[in-house]
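Please open the model in your viewer and keep the selection panel at hand, as the stops below are meant to be taken in order.

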Amino acid sequence: MITRQRVSPQLLLQLRPLVRSIRTQALHDQPLSDQNDSPYPRPPGLALATPRELVTYLNQFIIGQETAKKVLSVAVYNHYNRVRANMSHVIDNIEQDGDTATTRLRPLRIATSSLLSRRHTPVFEKSNVLVIGPTGSGKTLLARTLARVLDVPFSVSDATSFTQAGYVGEDVEMAIQRLLQAANWDPLRASMGIVYIDEVDKIAKKSGSATEMSRDVGGEGVQQALLRMMEGSVVTVQARGAPPPDMTPYGEAGHRPHSAMHPKPDVYHIETSNILFILSGAFVGLDSIIKQRVAKGSIGFTANLANGESVPFFTPNREAPDNILDLVETNDLVKYGFIPEFIGRVPSITTLSPLTIPDLRRILTEVKGSLISQYQSLFGYSGVEIRFTHDAIDEICKKAAERGGGARGLRGVMETLLLEPMYEVPGSDIKHVLITADVIRGEAPPGYWRRGEGVAFFEAWAGAEGMNSL
């Protein structure tokens, strides 16, 4: 006779609502009855918006980057479907085992068939995402917007501050601790969130004679520490205000003698197998590695390449991609400084293209929360109306493209441009401000109109726009 412990009914009551009452839309889009029907947190998965719907939502905030939007939308959709399927599999096993208090040992043939009959639902593995793109192209905004529409815990960490355990700096577990804080210290909700790690290219292995003889605690050491976390492991996180267990004056690190008067700190154990990791970085210099791989070594009949291969005289008429990063392969990332095991845990790789001048113009004027609308609202709080001519917007985009930095460069240009108006307007009787192309080029000051001069302001704005249309 083999005795099995009966599963607590309270455990089943906690797990059943997690799969059967799941929502992924934002809280303000859910009916009130759906929010209060269960006291337990609801992980994403059921009633999840389709990838096409997610891309439509992203288009309201992000300009261009169509491929990256599709990759992230599909990755999020498949990931949270895997979460739902895996949780359903666990609950089915608990319900099948919980109804039987005692079982009698059966022949091997019957036991084997019983086990095979219960393997109807496979356990799905997740697919982490690596986003490669220049600064200001929308990497962080993509992840933040997805987290907002999915209403899941979302944490942002900077890989530049990560070091190997035992050295000065942050351990990689800090990313999970930030996720737990974003989940209001709910371990179950945190175990199904999104961890976004920016500047991941900064943890590439260092090369050079100066670092070959020293330990690379901020490069390969961090990659090794992230391996198990990204694949799926249990991470121990300290509670708020609790001292870490390895910072104790008693005995060896991590061990307290029985005579210690301090109580044992509370810890949270977070399972990372259902956490989606999104890594991003600019990867400066990666384009050179790709060019070396795809470039031909010489010209002529049966020209010899650097690797000893030969190419025919006639080459195919394939157009070169606008973004060389679209040709990235795993071997290029290994040459860049990442270990193969780390790249293998990020099967989904997408790239972002640099923003063009038309893209910058749409960011200024079309997307929700555009920069023009932000500054118009900012002046509106002081009771001032500010307008930009079409030529002025074009000049702003040209300056931002020359300056670089993508969408962040736009804000820098706007701050420099509007410095004088933002200094002169508060506390004055100015009610209207006009920015023309001459103002952007530095050939004229901004136009100011005081109280009661609204008609003259509109005539000046209409005249500037009328001259542009001629």
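Select Glu395 to begin: this residue is buried, with a relative accessible area of 17%, where buried means under 20% relative accessible area, exposed over 50% and partly exposed in between, for a 1.4 Å probe and protein chains only. The model is predicted, so local features need pLDDT of at least 70 and side-chain atom pairs count only at pLDDT 80 or more, whereas totals for chains, interfaces and linings use all residues. Residues are numbered from 1 along each chain as its sequence is written, and side-chain values use heavy atoms, with hydrogens and water left out.

Glu395 lies in helix H16 (residues 390–403); helices are DSSP runs of H or I, at least four residues long, numbered from the N terminus. Leaving aside residues up to four places away in sequence, Glu395 touches Ala437, Ile440 and Arg441, a contact being heavy atoms within 4.5 Å.

Next, select helix H14 (residues 357–365) together with helix H17 (residues 407–417), and show Leu360, Ile363 and Leu364 of H14, which meet Ala407, Leu410 and Met414 of H17. By class, this contact of H14 with H17 has six nonpolar, no polar and no charged residues, where Ala, Val, Leu, Ile, Met, Phe, Trp, Tyr, Cys and Pro count as nonpolar, Asp, Glu, Lys and Arg as charged, and the others, Gly among them, as polar.

Finally, move to helix H6 (residues 139–150), which is mostly covered, since nine of its 12 residues are buried. Among the buried residues of H6 to highlight are Lys139, Thr140, Leu142 and Leu150.

Technical notes. Helix = DSSP H or I, 4+ residues; strand = E, 2+ residues; numbered from the N terminus. Axes fitted to C-alpha atoms, helices over the stretch in contact; angles between N-to-C directions. Expected span 1.5 Å × (residues − 1).
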